[in-house]
Amino acid sequence: MKKIISFLIFFGIVAAHAQTNDKIEFTTTKYSFGKIKQHVPASTSFEFTNKSDGKLIVESATAECGCTTPEFPKTPIAKGKTETIKVTYNAENPGQFTKKVTVKFANVAEPVILTIEGEVEVSKE
């Protein structure tokens with residue numbers, strides 16, 4: 001009985017992971033800004049395509065801190081259509097940074113993690 005339960009749990013995890021890959025395709029989930037100027041916000045966009053059989057809804061995009069702001073589509077994304085999630089880093093603190101944005105899609109078990117990184121150079125002013 002324990003083997004059956006273990007198998008079902010494993011299968012459920014594998015199926016949930018596969019579900020993300022089947023429904024959404026990001027061109028990339030990581031971006032490096034390189035060196036950026038202090039006090040000059042830097043933005044990038046993460047492009048994704050709806051690979052599901054129906055409409056795709058972004059429920060939320062949450063940054064791990066207040067220095068990072070995600071913007072995401074608020075309307076359903078039609079089958080086969082491509083959209084973007086814009087991520088802006090405020091670049092207030094000098095030094096290296098790595099920040100994550102967690103994107104949750106409706107009816108998709110696993111969220112997608114987007115990562116930005118770079119180094120803020122001290123302002124000469």
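**Group meeting: a four-stranded sheet and a disulfide**

Hi everyone, let me start with one pair of residues: Ala63 stands opposite Val101 in E7. Before going on, a word on the model: it is a predicted one, where local features need pLDDT of at least 70 and side-chain atom pairs count only at pLDDT 80 or more, while totals for chains, interfaces and linings use all residues. Residues are numbered from 1 along each chain as its sequence is written, and side-chain values use heavy atoms, with hydrogens and water left out.

Now to the strands, which are DSSP runs (E, at least two residues) numbered from the N terminus. Strand E7 covers residues 95–105 and runs antiparallel to E4, with five bridges joining them; for two strands to pair, DSSP has to find at least two bridges between them.

How are the four strands of the open sheet ordered? The order is E2-E8-E7-E4, with mixed pairing. Strand E2 (30–37) and strand E4 (58–63) each have a single partner strand, so they stand at the edges and one side of each is left without a neighbour in the sheet. From one strand to the next, the twist averages 20 degrees, taken between N-to-C directions of lines fitted to C-alpha atoms, on a scale from 0 to 180 degrees.

On to the cysteines. There is one disulfide in the structure, meaning a pair of cysteine sulfur atoms within 2.5 Å. The partners are Cys65 and Cys67, with S to S at 2.3 Å, and the link is left-handed, at -45 degrees about the S-S bond.

Is each cysteine buried or exposed? Cys67 is buried, at 14% relative accessible area, whereas Cys65 is partly exposed at 25%. Buried here is under 20%, exposed is over 50%, and partly exposed lies in between, using a 1.4 Å probe and protein chains only.
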